[in-house]
Amino acid sequence: MATLQVMKTLAGTQEDLKMEIEVEDNSTVLSVLQQIKDDSLRKKLFNAQGDPNKFVHVMLNGKAIAYQGGLSAKVNQSDSLNLLPAISGGCS
């Protein structure tokens with residue numbers, strides 16, 4: 001099983017959420033995210049059309065999925081996924 005960890009600021013909880021997700025040979029980042037059952041978390045992860053929210057960053061084994069094939073990146077049994085809220089800002 002792959003490990004999925006959701007940062008507490010994204011999850012809206014006192015501590016980070018950590019769960020084990022069943023993965024198969026053809027599992028992708030998107031298919032793993034779609035297995036999340038918690039409705040309040042799903043509303044933060046997906047927009048009204050069911051597409052992943054662009055304000056959530058997904059890391060696969062410590063690296064941004066943008067550099068690993070995006071939502072189509074393969075996920076294996078020993079992998080770790082981390083969900084982080086987007087951070088923005090800068091100097092004024």
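Q: Which residues is Val 32 in contact with, leaving aside its neighbours within four places in sequence?
A: Val 32 is in contact with Ile 21, Val 23, Val 75 and Leu 81. Contact here means heavy atoms within 4.5 Å. This is a predicted model, in which local features need pLDDT of at least 70 and side-chain atom pairs count only at pLDDT 80 or more, while totals for chains, interfaces and linings use all residues. Residues are numbered from 1 along each chain as its sequence is written, and side-chain values use heavy atoms, with hydrogens and water left out.

Q: Where is Val 32 placed, and is it buried or exposed?
A: Val 32 sits in helix α2 (residues 29–33). It is buried, with a relative accessible area of 1%. Buried is under 20% relative accessible area, exposed is over 50%, and partly exposed lies in between (1.4 Å probe, protein chains only). Helices (H or I, at least four residues) and strands (E, at least two) are DSSP runs, numbered from the N terminus.

Q: And Leu 30, which contacts does that have?
A: Leu 30 is also placed in helix α2. Not counting neighbours within four places in sequence, Leu 30 is in contact with Phe 46, Pro 52 and Leu 71. Its relative accessible area is 25%, so Leu 30 is partly exposed.

Q: What about the loop between β2 and α2, what does Thr 28 touch there?
A: Thr 28 touches Leu 71, Ser 72, Ala 73, Lys 74 and Val 75, with residues up to four places away in sequence not counted. Thr 28 counts as buried, at 15% relative accessibility.

Q: Lys 74 again: how far apart are Val 32 and Lys 74 in space?
A: They are 9.8 Å apart, C-alpha to C-alpha, and 42 residues apart in sequence.

Q: Switching to the sheet. What is the strand order?
A: The order is β2-β1-β5-β3-β4, an open sheet of five strands with mixed pairing. β2 and β4 stand at the edges with a single partner strand each, so one side of each has no neighbour in the sheet. Two strands pair if DSSP finds at least two bridges between them.

Q: How does β1 pair with β2 and with β5?
A: With strand β2 (residues 17–21), β1 pairs in the antiparallel sense over five bridges, and Thr 3 stands opposite Glu 20 in β2. With strand β5 (residues 80–85), β1 pairs in the parallel sense over four bridges. Leu 4 has Leu 81 as its bridge partner in β5.

Q: Why is β1 largely enclosed?
A: Four of the five residues of strand β1 (residues 2–6) are buried, so the rest of the structure largely encloses it.

Q: And β3 to β5, how many bridges?
A: Five bridges join them, and the two strands run antiparallel. Met 59 has Asn 82 in β5 as its bridge partner.

Q: What lines the largest pocket?
A: It is lined by 14 residues, and Asn 53, Val 56, His 57, Val 58 and Ile 65 lie nearest its centre. Strand β3 (residues 56–60) gives the largest share of the lining, four residues.

Q: How much space lies in it?
A: About 240 Å³. A pocket is an open set of points on a 1 Å grid over the protein atoms alone, where a 1.4 Å probe fits, with protein on both sides within 12 Å along at least five of seven lines; lining residues have an atom within 4 Å of a point.

Q: What does the chain average in pLDDT?
A: The average is 91, and 96% of the residues score at least 70. pLDDT is the predictor's confidence in each residue, from 0 to 100.

Terms used: Grid points are joined across faces, edges and corners, and a volume is the space filled by probe spheres set on the points.
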